[in-house]
Amino acid sequence: MDKIVIKGGQPLHGEVQASGAKNAALPILASALLADGTSTYRNVPDLADVATMLKVLRTMGCDAERHAEKPDVCHVGVNGHITPEAPYDLVKTMRASVLVLGPLVARFGRARVSMPGGCAIGARPIDQHLKGLKALGADIHLTEGYVEATAKQLKGGTVNFDVITVTGTENVMMAAVLAKGRTVMENCAREPEVEELAKVLNKMGARIEGAGTSIITIEGVDRLMPVEHAILPDRIEAGTLLVAAAISGGNVLVKHVVPEHLDAVVEKLREAGCTISAEGGGLRCKAPDRLNAVNITTTEHPGFPTDMQAQLMALMSVSQGTSVISENIFENRFMHVPELHRLGADITIQGHTAVVKGVKSLSGAPVMATDLRASASLILAGLRAEGRTDVSRVYHLDRGYERLERKLRGLGADIRREKA
Ligand code: EPZ
């Protein structure tokens, strides 16, 4: 297992580009199943999770590959015989594989997808996904750890989510586009990635209104056509890069960003004392050497994103004052705390709240990544810590960040990847 080695203390300067959004690419790749023919996607980030989704699609019989010469382009060909199944060994490595469920039932009338099981940050059930598919007329059975869903023809219906769920909204939306009649989905997730998926589906011939709001209305159509689409920029990677500038007291332009997708994060960075300005199709973050503590409460979009909580906690660990961070989306998303303690951070967990007392400095040490955003948090802390920080188990990082250490090195960080 590789590790990332950082020598802290270098303020970051220069320009860096955010890659395509992981959490948009995953549902969009799955949506290719809804059309006969080959769909082509550009600006697809080169991530382990994307490779897993392509593998899931190939396992079913799709021709799903990254372009040989153009590294950001992927195509998914859905032509011949498709086996509508997603096996446990793939789904357990990436729970977002469950996003094939809706398209398979809608297009092929049946699906056999492994239950994803929990993950490091929480139980992450899919009951709302199944509730939505049932509302559209699917028969759902759970056998041997698999969801077996069948429906001769899905019918439009009303789906009211008990819990706001991003992939739940996406799964049901992808099922409803080929259902007979109208579907009204209420209490939907409003993330930009949900809106982006709806945009792609409408380009394929779907009739979706209201994506990005909590009520989505869909008029079912008989068939969808393959599509060409460029994936929108990754707001969480962009936010992580802005925090890298902030924690190092640097001045960095993060390009290829949709500023309004980062409003909640930018507002907190400004409140902490950063100067953030729109420039050249991106956002520039200029930070003083030490920031002020701010409180963070994660909520569904457009609130502060849970995927940025660990990164802000690293920043707050060296800010002036005390920050109260409440994690309201996942029940176990503080696993970066014991590792930040090893670097000298002063953090106390009380239930789903962490109280972070800013310290003057952190000191480098070997630490272990436990999940995707925790690994980013530890790298950010390492940029600030005095001395050397070794972050192990960076396979977690590679799931959701495209060569982050190379991007940070390009900004002046003393950081390298060491093959284990
Ligand atoms: C998506 O996960 C993202 N992943 C996550 O990003 C992100 O943290 C999360 O949304 C919240 O924004 C992708 O888009 C691929 P949820 P998802 O369903 O859809 C509960 C990252 O770091 N829930 O919105 O799985 C659930 O337990 C990853 O990039 C149910 O109870 O999250 C959680 O507490 C991590 N029943 C809450 O809802 C359900 O059927 C929100 O989960 C579904 C969810």
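The following exchange concerns a predicted model of a protein with a ligand.

Me: What makes Asp46 and Arg403 a salt bridge?
Reply: The closest N and O atoms of Asp46 and Arg403 are 3.5 Å apart. The rule asks for a side-chain nitrogen of Lys or Arg within 4 Å of a carboxyl oxygen of Asp or Glu, so the pair qualifies as a salt bridge. Across the interface of domain 1 and domain 2, the rule finds 3 salt bridges.

Me: Which parts of the protein make up domain 1 and domain 2?
Reply: Domain 1 consists of 2–19 + 233–419, while domain 2 covers 22–230. Their C-alpha centres lie 30 Å apart. The contact between them takes 24 residues from domain 1 and 21 residues from domain 2.

Me: How much area do domain 1 and domain 2 bury between them?
Reply: Domain 1 and domain 2 bury about 1800 Å², with 51% of it on carbon and sulfur atoms. In addition, 10 residue pairs are in polar contact between the two domains. On the side of domain 1 that touches domain 2, the residues divide into 12 charged, 7 polar and 5 nonpolar.

Me: Why is the approach of Gln128 to the ligand called a polar contact?
Reply: A backbone N or O atom of Gln128 lies 2.7 Å from an oxygen atom of the ligand. The cut-off for a pair of N or O atoms is 3.5 Å, and therefore this pair counts as a polar contact.

Me: What makes the pair of Asp127 and the ligand a polar contact?
Reply: In the side chain of Asp127, an N or O atom is 2.8 Å from a nitrogen atom of the ligand. This value is within 3.5 Å, so the pair meets the definition. The protein covers 88% of the 820 Å² of accessible area that the ligand has on its own.

Key. Residues are numbered from 1 along each chain as its sequence is written. This is a predicted model: local features need pLDDT of at least 70, side-chain atom pairs count only at pLDDT 80 or more; totals for chains, interfaces and linings use all residues. Side-chain values use heavy atoms; hydrogens and water are left out. Domain bounds come from an automatic or database domain assignment. Contact means heavy atoms within 4.5 Å. Buried area is the accessible area (1.4 Å probe) that two parts lose on being put together, summed over both. A polar contact is a pair of N or O atoms within 3.5 Å; within protein, one must be able to donate a hydrogen and the other to accept it, and residues adjacent in sequence count only if both atoms are side-chain atoms. Ala, Val, Leu, Ile, Met, Phe, Trp, Tyr, Cys and Pro count as nonpolar, Asp, Glu, Lys and Arg as charged, and the others, Gly among them, as polar. Accessible areas come from the Shrake-Rupley method with a 1.4 Å probe; for residues, only the protein chains shown count as cover.
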